[in-house]
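Dear colleague,

I am handing over a structure that I would like you to look through at your own pace. Please open it beside this message, and then read on for the notes.

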Amino acid sequence: MQKNNQWGNFWSISGGWRISEEFFLKEINWVNDLKFRVGYGVTGNNGFDAKYAATMYGSDKYWLMPNGGWAYTYGKTRNINPDLKWEEKTEWNFGIDYSLFNNRLYGKFDVYRRKVNDMIYEVNIPNPPYTKEKMHQNIGNMENKGWEFEIGGDIVRTKNWNYSTTINLSNNKNTLTYLDGNQSKINKGGFPTPGSYVNPIRLEEGTDIGSFYLFKYAGLDDNGMFLVYDRNNKVIPIGEADKDLDRHYIGNYTPKLILGWTQNLSYKNWDLGVTCVSWLKFDVYNTLNMYMGLPHAGEGLNLLSNAYKDFGHIHGSRDVLDFFLEDGSFFKIQNINLGYTHNLNQYTKFVERARLYLTINNVAKFSKYSGVDPEQNITGLEGGIEYFNKLYPQTRTYTLGVQLTF
């Protein structure tokens, strides 16, 4: 990486045991394949720009001079950290692959645990003595653990009819286990102007990635203003709450369970494929209600039709409040593909067969979420927010095409 940490050592080891080949399973005919896997390894993160460690120069900037003054001159445009080192990921995993009953039932199961050490992040630093306000540093460690399960089956196998289905389930949890002393917390997720004065997402040592940091709604006072629970769980007006100390970790935008379901049905020359996805037990911050759902928070914006019907009794304004946090769980029919294949050998020697197909994407979504779309970003450090000024519903598309095999 940098001057004081130019080299890194990364190694791994893995192994497997195909237990179905052992003598004690040879006579068990319904077990076609059974394999245990285990692995451990360390990798270095090379997914970053080379400019992290490159000295760059520019002109027409003010630079700090040795005498303590500032001069408009030519100089470095980036603070270089000589102690920056590799971000390392250590991972172990254990898995099982199986195929049973004449290969009609199959799948796999994996459990993993990853530790990321010396995470690279751009942080604020004093200016002066540094010429720029930010620098890349190794600021902390993170633990990622979860499991993945897949089960599939060929339900129907006949001369004309075939039906198979596969279900994938996964669970993942990220925890920030350590932050450098100079970076005790990192706030993420800003709102458009005019908006709230604080960020709704916070990263802090010992917390899970994706946690919202919000005022906890406790009701309304006689004037329709928000009441919240303070740091001691005492009910107070939101105007008296400390913007930092009286908020709570509430909810998370990482789904507890992600499901994928594919189904394939065929009859003679016809085939039908359906793909479904589902995210369960995760939270979405609904800025549509925050900005346009409160009758006294419009400030030049159009309001939702339910602003007076459902929220007309509320006189509060925009605040980072779990009142606007909702369960985003949904089930979605991702796509449907219908096709018909016809052999063309009897007509021409140039084309073997042709498949005419119709594909529909973003077919339907089922959710109790009151906003436009609960399927928001769930990766990175600032997901789970549906921004009212970036609303663009997913488009349902229809595609009619032909596949030719030569």
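What follows is a short account of a sheet and of a pocket.

Please keep in mind from the start that this is a predicted model.

I begin with the sheet, an open one formed by 11 strands, which follow one another in the order S1-S2-S5-S6-S7-S8-S16-S17-S20-S21-S23 with antiparallel pairing. At its edges stand strand S1 (12–18) and strand S23 (397–405), and because each of them has a single partner strand, one side of each is left without a neighbour in the sheet. If direction is ignored, neighbouring strands of this sheet are turned against each other by 15 degrees on average. As general background, the strands of a sheet pair through backbone hydrogen bonds, and this can happen in a parallel or an antiparallel way.

For one pair in detail, you could look at S1 and strand S2 (residues 31–44), which are joined in the antiparallel sense over seven bridges. Here glycine 16 stands opposite arginine 37 in S2.

Now to the largest pocket, whose volume is about 670 Å³. Its lining is made up of 32 residues, and those that lie nearest the centre of the pocket are Met142, Asn174, Ile209, Gly380 and Leu381. Strand S6 (105–124), strand S7 (134–157) and strand S8 (161–179) each supply at least two residues of this lining, and the largest share, six residues, comes from S8. Sorted by class, the lining of the largest pocket holds 18 nonpolar, 11 polar and three charged residues.

With best wishes

Notes
Residues numbered from 1 in each chain as written. Predicted model: local features only at pLDDT ≥ 70, side-chain atom pairs only at ≥ 80, totals over all residues. Heavy atoms only, no water. Pairing = 2+ DSSP bridges. Helix = DSSP H or I, 4+ residues; strand = E, 2+ residues; numbered from the N terminus. Axes fitted to C-alpha atoms, helices over the stretch in contact; angles between N-to-C directions. 1 Å grid on protein atoms, 1.4 Å probe; cavity = no way out; pocket = protein on both sides within 12 Å on 5 of 7 lines; lining within 4 Å. Points joined across faces, edges and corners; volume = space filled by probe spheres on them. Nonpolar A, V, L, I, M, F, W, Y, C, P; charged D, E, K, R; others polar.
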